[in-house]
Amino acid sequence: MKRIVSVAPMMDCTDRHDRFFLRLISKNVMLYSEMIATKSAIHGDRKKILSYSPEEKPLALQVGGSDKKELSEVAKIAEDMGYDEININLGCPSKKVQKNKFGACLMKEPNLVSECINEMVNSCKIPVTAKTRIGFDDTEDFDYLNKFVLKIKESGCKTFIIHARKAILKGLTPKQNLNIPKLNYEMVYKIKKENPDLEIIINGGISKIDEIKNHLKICNGVMIGRAIYQNPYFLTDIEKEIFNVKNNPTREEIAEQLLKYLEKEVKLGTKVNHIMRHAVGLYHGQPGSKNWKRYLSDNMMARDSDFQKAKHIMTVVQNNEKVNQTIA
Ligand SMILES: Cc1cc2nc3c(=O)[nH]c(=O)nc-3n(C[C@H](O)[C@H](O)[C@H](O)COP(=O)(O)O)c2cc1C
């Protein structure tokens, strides 16, 4: 499995429509679902929560939980549904997630995590991977992290995605927890150097090709979240510079493909904005991108969004130049 560059799991962002869109831009990155709680995966509307388009693959399901039985059940479900990987969230610091005992607070319980992962590994054949932070609260200590990693490795997990900042479990909002604790890439590098047999993916604050190349000198892969969500076309630079892909689609070609998908999905009852909201950043950094964003959000949020509206947006997407002239 190629995890040289992955798009990070992001709640309310990397849903199936976003992943389909991202896959139109990059064939080589690994994609992750938003975090799905074990109970939702088991008892919820599975079609709604877990289904995806085959084009999205390779695709990992990220799960949140700490109940061995539930986690192993979800690992099996993921395998049966054709996911390529199941990833356990050991890095989310939100209060709600802590209350349910999953995410970053599990860094305090290496034995429990190890048991959970062991059950997951035994219940499926797809890779079981872990996404964690370098520490939590006052614990930002290499030995602690290394022991945590080794304990999980014992249970059969060979791939670790490490967000290179600690989680503050009390006092910071999830958003602050993505910015305030300082990045410490060295700690992740050291984990790789101490454990050359493990696949170590580095995450946090990566937004430039040079940064990706530098991290790849030491780590096996990089995971990027916000920089791709905000500027999805950055993926074409990644395709070109990291994967040597020469003929990348233009923004208009991507939009055209997305709108074919939109046409199909709208007929199945999907709302226009559920798809197009992810395309707001398509023209990021381009002249007129503000107009594009405003136009798109004004139109796609219309409550009675129907297929005519979608078609209209399609024309707009394909004639972005014209949009800039007409609505500027
Ligand atoms: C809106 C948003 C939602 C997120 N949701 C998740 C999630 O569901 N699971 C997870 O492991 N991390 C989640 N994260 C954290 C990202 O996966 C990633 O670790 C973090 O954004 C740092 O990477 P970046 O600096 O490249 O964005 C989320 C981040 C953002 C911005």
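Reader: How far is a backbone N or O atom of Gly225 from an oxygen atom of the ligand?
Author: The model is predicted, with local features requiring pLDDT of at least 70 and side-chain atom pairs pLDDT 80 or more, while totals for chains, interfaces and linings use all residues. Residues are numbered from 1 along each chain as its sequence is written, and side-chain values use heavy atoms, without hydrogens and water. The pair at Gly225 is a polar contact (N or O atoms within 3.5 Å), and its separation is 2.8 Å.

Reader: Which residue has a polar side-chain atom 2.7 Å from a nitrogen atom of the ligand?
Author: Met11 also meets a ligand nitrogen, through a polar backbone atom at 2.8 Å. The side-chain partner, at 2.7 Å, is Gln62.

Reader: What percentage of the area that the ligand exposes alone does the protein bury?
Author: Taken alone, the ligand exposes 600 Å² (Shrake-Rupley method, 1.4 Å probe). The share of this area buried by the protein is 86%.

Reader: Which residues come nearest to the ligand?
Author: There are 17 residues around the ligand (a heavy atom within 4 Å). The nearest of these are Gln62, Asn203, Gly205, Gly225 and Arg226.

Reader: What is the volume of the largest pocket?
Author: A pocket is an open set of points on a 1 Å grid where a 1.4 Å probe fits, with protein on both sides within 12 Å along at least five of seven lines; lining residues have an atom within 4 Å of a point. The largest pocket is lined by 35 residues, and Asp15, Arg16, Glu34, Lys48 and Ile49 lie nearest its centre. Its volume is about 940 Å³.

Reader: Which element gives the most residues to the lining of the largest pocket?
Author: Helices H1 (16-25), H3 (46-50), H5 (95-99) and H12 (251-267) and strand E2 (30-37) each supply at least two lining residues (DSSP runs of at least four residues for helices and two for strands). With five residues, the leading contributor is E2.

Reader: Which residues lie nearest the centre of the second largest pocket?
Author: This pocket holds about 700 Å³ of space, and its lining comprises 30 residues. Strand E5 (128-133), strand E8 (221-224) and helix H10 (226-230) each give two or more of them. Nearest the centre are Pro9, Met10, Met11, Lys131 and Leu178.

Reader: What is omega for the cis peptide bond between Lys57 and Pro58?
Author: Pro58 is placed in the loop between H3 and strand E3 (59-64). The bond joining Lys57 to Pro58 is cis, with omega about 0°.

Reader: What is the phi of Asp12?
Author: Asp12 belongs to the loop between strand E1 (5-7) and H1. Although Asp12 is not glycine, its phi is positive, near 65°.

How values were computed: Grid points are joined across faces, edges and corners, and a volume is the space filled by probe spheres set on the points. A polar contact is a pair of N or O atoms within 3.5 Å; within protein, one must be able to donate a hydrogen and the other to accept it, and residues adjacent in sequence count only if both atoms are side-chain atoms.
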